[in-house]
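Work through the following exercises with the sequence and the structure side by side. Each task is followed by a solution that proceeds step by step.

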Amino acid sequence: MKKALRIILRIVAIVVVVILLAAIIIPAVFKDQIKEKVVKTANEKVNAEIAIGDFSLTVLRNFPNLTFRLKEVSVTGIDNFEGDTLAGFQSFNLVFDITSVFSESGYRVRAIDIDRPVASAIIMDNGTANYDIMPAGEEQATGEPEEETGEEQEEAGKDIAFRLNRFSINNATLSYTDMTSGMDAAINGLDLLLSGDMAENITNLILEIDIQEVDFILDGLKLVNGAEIETEFDIEADLENNEFTLGDNYIMINAMKLLFSGSLKMEDEDIITDIQINTGDTEFKSVLSMVPAVYMKGFEGLETEGSFDIDGRVKGRYSAADSLLPDIKIGFTVSNGMISYPDLPERISNINISTKVDVDGTNPDNTTLDLEKFHFELKGSPFDMTAGIRTLLSDPAVKASFNGSLDLAALAGAVPIEIDDLAGVLDLALNVDARKSMIDNMDYDNVEANGSLALSEFNFIKKGLPPVGIKIADFTFAPDHASLNELKLKVAGNDIEIDGRLENYLDYILADGTVIGKLNLYSAKINMDTIFHYMPADTTQSEQEGDSLNLSTPLLPANIDFEFTSLVDVFYYSPLEAHEVKGQIALKDRVLLIENTGLKTLGGSVTVNAEFNTSDTLKPELLASLNVKDIGIKETFETFNTVRKIAPVAKGMDGSVSTDFDFRSLLAKDMTPVINTINGSGRLQSESIQFVSSPVYEKMSSLLQFGEDFTNEFRDVDVYFEVRDGRVSIKPFDTEMGAMNVNVSGDHGIDQTINYLLKIEVPSEDLPGSMSSVLTGLAAKAALLGIEYYQPEIIKMNVSVGGTVTEPVIRPSLGGTGAGETVKEAAKETVEKVVKEKVEETKEKVSGEAREQSDRILAEAQQQADRIKAEAAKAAEKIREEGDRNAQKLIDNAESKGALAKIAAERAAEALRKEAAKKAAQLEEEAAEEADKIMAKAREKADDIKKRLSR
């Protein structure tokens, strides 16, 4: 007995030693071999960067099987997605059947465990996807497989085979962004466990999924916000025949639990389904947990009554090749529901909802949606709605009715809303029965759309917005129009009355068409200061950025065509006060038109025609025409920052002016012009402009010393001006200053710099005594040199005005001579000019030759520049045509793939067209720059010739 025991103990000791040795030796022997095989399988040729950290082999983690462990693996994009992580994980475990390691037939994987994986899928506007990393030619061609050689068969026999009994994911983070459809989805904290013997032909599989947080956004609207999901599926799987039978299975989304039963069968690429969906006995509270706003505002304390039920079936074949979907029938019912928040006084009761959706997978146009009943009661008042949609694809038919009275104060007392005060009563009685084709063809005789909507004693107060009150809003509806019979509203204390008519409103509501309105607006007084008093400080632009009369940024819609005939008796927006503001205001296709709108202000009148065009969201534009009559200069300068920027020389002036000014510019965010982009021209007239406190006038008066005959008044001003690239150029004009005739020309900038020339004619008898004696003495000296000089009756003087508005530089000269520092120096230059005239005669001949050569050089350069721009224009047109062809090809290829594919293709096509237009514009711009360089070089050469020949 003792001998037998000793033998057993020795055998056990040997087994233990063998196991320990195996745990040490097997990883060392097979580590490189297995790593090479796994890495080769995982890192096939892809258009991406794959990084793999450490790895290890052990038999201890899943004894007696062998575990291959990869750590810190990542796949990052290249080209347009360079540096972006496509996928990765903290660790990845493959558990191999230990016996397969020694087998020639290949390695068998028994389990896969992935820890903290991340994945981010992105589809750009042009359809490019970051997950499209397979290089061209890597996909297997269809057809009969080629016969393998013996060597290839041997190598294939050593491949990895999956005989799983466990697949797990721990704490995954996934995201999906589709810019072509405006879709964003994110999953955080995903745990998944799939267990069962997947090596058997028939087996039971258990699938468990827990997700901590799910977000889903479509076109900027957050439809799912932080939803929690829990699932458990018990599946009987016939893996040999690809048939799956569902046992006890459920999905719980927040507090709502859905039960599933039925079966799935895979036939090649098709899926045959027969699945039932229901909720069983479910409280109404569970469906409210699906609403993000409700779930985030004290859902746990919400009191509810009633039941909720979903009953549906998905049956039929899914086939991508034949564009088939299974038939789907789902019913949604709420019975005797009630909602009551414990801290609010009101409740919504008697909630009864019945909705059915019937999707025809063979012919989607037969799909129907029916809201058979939607009823609730609030403070004793019922509200009912029904709706149905048919032939959704071919010719959508809508039948709906809305009836009831809704107390908004009671609604605010029943549901938590972020509004400080809400009151009013909404009465609605409306019936609609129409097809889209009827609306498109204006067949209103067969359209049923009638009813009324009335809102009375409405009051709305919310922090950061001006308070709004509506005494009465009365609408009546007919098939072809809706009448706004009366609207009396008060905005921040300003009373406004509107009435009019809306056409095409059904197409606007049912088919995203354009609603057309002709409305009348009247107000005795509108004070914009009271409205903007409620706005946060950052919603209005500072005076330094735009005009002092700026407005907060409006959002101009694309499918509204409104015309307003407006009359406002008094319009006040500090410091402006205007009277009799009346005219036409139109909004169409993201363009706001102001037509012949007049007002009286600042002692005169203004007529405005303007077009605010926001169709190009990157470069919104303003085109405007202003007609101003007898407006005070001083008051205008102090009121409008635009005037202070465009005409800084007006500071210190007084008088009244009339002007016509046509211009265009880019629009700032507050719909005011961007000052340095204003380009235009106009005419300014005034009987008299006075310099009251102008540094320019004061310095010129001190320097010239003309006494009483040099006044501070320009008379009979008539000037044409042009605004370009931040500078205002004045075309030469004649005026009078006392006894002197003055011709003014030059320009100034929004940077306060000035560059003007005043040509002054002064009667000799009115010259200051000091200047007259200097001229007499110089005439005598000229006579000694043999030069006859007689003082004319009219002395011509040029005055150059430079520097800045606040620090001007004045340089006078006589008879068109060079600028002198003083009047005496200017007089000396007059005599010197007579002597120099002889020299200039000789220079003229040489200058003529220089001009002839320089003109020839410039003409040749112009021909070369024109040729470069013409060739670029042809190439740009080809790029645009190619972009159009590729875009249309993309759309044509998507025609057969269904409506969603066509929509995505159209968006991608538009992106292709924009990219082609961008490249074409860039080519033309580069050609223009090259042409400009050629011309600049030619001018430089021509100037050099002129300088050399004129010396």
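**Exercise 1.** In which strand is Glu208 found?

*Solution.* Bear in mind from the start that this is a predicted model. Step one is to locate the residue along the chain, and Glu208 turns out to lie in strand E9, which spans residues 202-218. Step two is to look at its surroundings: together with Asp210, Glu230, Glu232, Asp234, Glu236 and Asp248, Glu208 belongs to a patch of negative charge on the surface. Step three is to ask how open the residue is; Glu208 has a relative accessibility of 34% and therefore counts as partly exposed, since that class runs between 20% and 50%.

**Exercise 2.** Determine which strand gives the largest share of the negative patch.

*Solution.* Begin with the strands that supply at least two residues each, which are E9 (202-218) and E10 (221-238). Then weigh their contributions: E10 provides four residues, and this is the largest share of the patch.

**Exercise 3.** Describe the salt bridge between Arg317 and Asp270, and say whether each partner is buried or partly exposed.

*Solution.* First take the distance: the closest N and O atoms of Arg317 and Asp270 are 3.2 Å apart. Next place the partners, for this pair links distant parts of the chain, with Arg317 in strand E15 (residues 303-318) and Asp270 in strand E13 (residues 270-278), 47 residues apart. Finally compare the accessibility values with the 20% limit below which a residue is buried: Asp270, at 14%, is buried because its value is under that limit, whereas Arg317, at 30%, is partly exposed.

**Exercise 4.** Explain why the salt bridge of Arg683 with Asp718 ties together separate parts of the sequence.

*Solution.* Start from the contact itself, in which the closest N and O atoms of Arg683 and Asp718 are 2.7 Å apart. Arg683 lies in strand E33 (residues 679-691) and Asp718 in strand E34 (residues 713-724), so the bridge joins parts that are 35 residues apart in sequence. Both ends are partly exposed, Arg683 with a relative accessible area of 28% and Asp718 with 29%.

**Exercise 5.** Which residues are joined into one network by salt bridges that share partners?

*Solution.* The network consists of Glu243, Lys265, Glu267, Asp270 and Arg317. Among its members, Lys265 and Glu267 meet through their side chains in a salt bridge of 3.9 Å, N to O; Lys265 is partly exposed at 28% relative accessibility, and Glu267 is partly exposed at 29%. For the wider setting, the structure holds 24 salt bridges.

Notes
Residues are numbered from 1 along each chain as its sequence is written. This is a predicted model: local features need pLDDT of at least 70, side-chain atom pairs count only at pLDDT 80 or more; totals for chains, interfaces and linings use all residues. Side-chain values use heavy atoms; hydrogens and water are left out. Patches are made of residues with over 30% relative accessible area and no salt bridge: like charges are joined within 9 Å, nonpolar side chains (Val, Leu, Ile, Met, Phe, Trp, Tyr) within 5 Å. Accessible areas come from the Shrake-Rupley method with a 1.4 Å probe; for residues, only the protein chains shown count as cover. A salt bridge is a side-chain nitrogen of Lys or Arg within 4 Å of a carboxyl oxygen of Asp or Glu. Lys and Arg count as positive and Asp and Glu as negative; His and the chain ends are not counted. The place of a charge is taken as NZ of Lys, CZ of Arg, CG of Asp or CD of Glu. Buried means under 20% relative accessible area, exposed over 50%, partly exposed in between (1.4 Å probe, protein chains only).
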